[in-house]
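Visitor: I'd like a close look at one part of this protein, please. Pick one strand, show me what it pairs with and what packs around it, and then take me onward from there.

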Amino acid sequence: MTALTQRSRRLAAIPLGMALATAVVVIPGATASAAEVTAGAAADATQLSYVVNVRPGHGPSAKVKEAITEAGGTIVTSYDRIGVIVVHSANADFAPAIRRVRGVESAGATRTAPLPAQSTTDVGTPKVLTAEEIAAADAAPGQDPLESLQWDLPAIKADKAHEVSLGSPDVTVAVIDTGVDDTHPDIAPNFDRKASVNCVSGKPDTTDGAWRPGPTESPHGTHVAGEIAAAKNGVGVTGVAPGVKVSGIKVSTTAGFFYTEAVVCGFMWAAEHGVDVTNNSYYTDPWYFNCKNDPDQKALVEAITRASRYAEKKGTVNVAAAGNENYDLAADEITDPTSPNDTTPSDRVIDPSTCLDIPTQLPGVVTVAATGAKGVKSSFSNHGLGVIDIAAPGGDSTRLQTPAPPATSGLILGPLPGGRWGYMAGTSMASPHVAGVAALIKSTHPYAPAPLVKALLYAQADATPCTDPYDLDGDGKVDAVCEGPKNYNGFYGFGTADALDAVTK
């Protein structure tokens with residue numbers, strides 16, 4: 001399957017070659033999102049951003065600080081508990097120079113483009129639903145107005161779970177993403193402002209509203225937040241866990257890049273602000289896969305590994321999307337044609353066991369594959385035995401996996417900024433379903449540590465056997481190979497997430 005040219009496959013709705021128009025429901029009287037507060041200061045066009053990793057727990061030594069200055073670097077912030085320092089420098093030799101300093105364990109540039117990052121183009125354009133289509137969304141008693149279009153909720157028994165519990169307001173899920181429109185009527189009732197922040201610069205910006213997307217930025221984070229915790233309030237849609245809190249941790253630049261310093265900041269913020277679950281529907285730019293034999297990429301893997309592990313030690317379950325290229329992440333090799341995506345990408349052959357998609361392939365992170373309306377792996381979803389932990393609805397082409405009526409689209413319906421609702425698809429949409437189920441488990445077992453929540457998530461999943469042969473369009477060509485038994489395989493991991501078990505077991 002042709003790989004996307006867009007910088008983040010998690011953000012795309014359907015892989016290139018499958019037409020997708022994002023459907024948007026406009027609800028009269030809804031509140032528009034506030035203007036974004038931009039984080040960080042303007043930087044010299046020749047500057048790059050770096051992470052410098054030192055021994056955790058003590059902060060940078062005087063010698064390291066002096067060496068950073070002598071090498072032409074300026075410290076932006078330092079996460080002393082994990083030993084990660086964020087530095088800006090215009091010195092092209094900064095990383096090699098600082099790696100030679102005693103006390104520096106690794107260091108590398110977080111991007112290949114100067115600050116600020118280059119711009120990019122989103123895939124797909126909005127399509128406003130007609131009055132007839134809105135009227136056709138006939139909700140059953142007890143449902144929110146558009147809930148009948150959400151085939152994904154019964155697919156994981158979330159509708160049945162809601163009869164038992166909507167989740168606890170003491171549980172917070174942080175959406176580490178493009179920003180969340182907390183003024184949206186489906187999100188506002190459950191929004192946790194204290195756990196929200198803008199981390200784009202690598203340093204927390206707590207200015208009110210800094211976590212919101214700007215008017216020209218991606219609606220992705222808002223959609224994800226609504227899938228997790230859209231309130232059951234007689235408005236729009238219903239989230240998987242409509243009684244829990246959701247926060248926004250904005251980590252993407254205006255151009256839509258997720259850089260290492262921002263992601264590290266996001267995990268650290270979540271760890272220090274009582275977040276129970278994080279959702280990560282992105283990969284860390286500019287490398288789709290970060291190879292440990294490259295000194296720069298090795299430093300990026302190390303920095304985010306430290307941050308995500310620290311968050312889990314503090315009680316946070318980290319959930320991430322598997323990606324949308326139909327890659328077998330357990331293969332011996334993969335051709336990556338898109339890295340580095342902030343300057344000039346070129347084809348490179350990588351070993352996915354040593355070149356990692358981060359944070360998706362990091363130790364301890366829950367890796368989520370997507371399924372469509374027929375319960376089968378989505379055509380675009382990455383897979384791989386030993387990599388995929390669990391599966392959940394992420395949508396697919398309506399032609400390939402048509403939902404049962406009254407649902408009309410094989411994509412996933414959720415909120416969009418400015419008081420709107422619309423359809424998206426991708427493993428980006430699968431991951432928040434699992435994050436929502438994890439939040440329900442945490443609601444049921446409030447004292448469960450992160451490893452136990454993950455264990456319950458996997459144990460309660462509905463075992464889903466391999467789809468064999470996997471030929472969604474029926475053209476006689478096998479589009480992917482699934483390995484492993486019913487209870488644990490490369491398409492569905494331990495199975496499909498189960499929201500009902502999360503609130504009853």
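Guide: Here is a walk that starts at strand E4, moves out through its sheet and goes on to the cores, a helix pair and a few backbone oddities. Keep in mind that this is a predicted model.

Let's start with E4 itself, which covers residues 84–89. Six of its six residues are buried, so the strand is mostly covered, with the cut-off for buried being under 20% relative accessible area. Follow the side chains and you'll see them split: Val-84, Val-86 and His-88 point one way, while Ile-85, Val-87 and Ser-89 point the other way. Both sets are buried, including His-88 and Ser-89.

Now for the partners. On E4 you'll find strand E2, residues 48–54, running antiparallel and joined by six bridges. If you want a landmark for that pairing, look for Val-51, which stands opposite Val-86. Strand E3, residues 73–79, is also antiparallel to E4, again over six bridges. Here the landmark is Gly-73, which sits opposite Ser-89. E3 and E4 make a hairpin with four residues between them, and Gly-83 in that turn has a positive phi of about 70°.

Step back a little and the sheet comes into view. It is an open sheet of four strands, in the order E3-E4-E2-E5, with antiparallel pairing. Its edges are E3 and strand E5 (104–109), each of which pairs on one side only. Ignoring direction, neighbouring strands are turned by 20° against each other on average.

What packs on this sheet? Helix H1, residues 62–70, lies across E2, E3, E4 and E5, and H1 runs at about 145° to E3. Helix H7, residues 260–272, packs on the sheet too, where it touches E2, E3 and E4. The direction of H7 makes about 25° with that of E3.

On to the cores. In soluble globular proteins, nonpolar side chains tend to be buried together. In this model the largest nonpolar core has 53 residues. Helix H9, residues 427–444, gives the largest share of that core, nine residues. Apart from it lies another core, this one of 38 residues, and that is where our strand comes back in: Val-86 is among its members, along with Ala-262, Val-263 and Val-365.

Back in the 53-residue core, the residues with the most contacts inside it are Val-319, Val-366, Val-368, Ile-390, Val-434, Val-437 and Leu-457. Try centring your viewer on Val-434: leaving out residues up to four places away in sequence, Val-434 touches Val-319, Val-366, Val-368, Ile-390, Ala-391, Ala-392, Leu-457 and Ala-497.

H9 also has a helix for a neighbour. Helix H6, residues 220–229, packs against H9 at an angle of about 35°, and their axes are 8 Å apart. The crossing of H6 past H9 is right-handed. From H6, the residues that meet H9 are His-220, His-223, Val-224, Glu-227 and Ile-228; on the H9 side they find Ser-428, Met-429, Pro-432, His-433, Ala-435 and Gly-436. Sorted by class, that contact holds five nonpolar, five polar and one charged residues.

Finally, some backbone spots to check. There's a cis peptide bond from Ile-358 to Pro-359, with omega near 10°, and Pro-359 is in the loop between strands E15 (355–356) and E16 (366–371). Pro-405 and Pro-406 are joined by a cis bond as well, with omega about 10°; you'll find Pro-406 in the loop between strands E17 (390–393) and E18 (412–416).

Two non-glycine residues have a positive phi worth a look. Lys-157, with phi near 65°, lies in the loop between helices H4 (152–155) and H5 (158–161). Asn-326, at about 60°, is in the loop between strands E12 (317–321) and E13 (334–336). As for cover, Lys-157 is partly exposed, at a relative accessible area of 29%, whereas Asn-326 is buried, at 13%.

Technical notes: Residues numbered from 1 in each chain as written. Predicted model: local features only at pLDDT ≥ 70, side-chain atom pairs only at ≥ 80, totals over all residues. Heavy atoms only, no water. Buried < 20%, exposed > 50% of the residue type's maximum accessible area, 1.4 Å probe, protein only. Pairing = 2+ DSSP bridges. Core = buried A, V, L, I, M, F, W, Y, C linked by side-chain atoms within 4.5 Å. Contact = heavy atoms within 4.5 Å. Axes fitted to C-alpha atoms, helices over the stretch in contact; angles between N-to-C directions. Left-handed = near helix turned anticlockwise from the far one by under 90°. Nonpolar A, V, L, I, M, F, W, Y, C, P; charged D, E, K, R; others polar.
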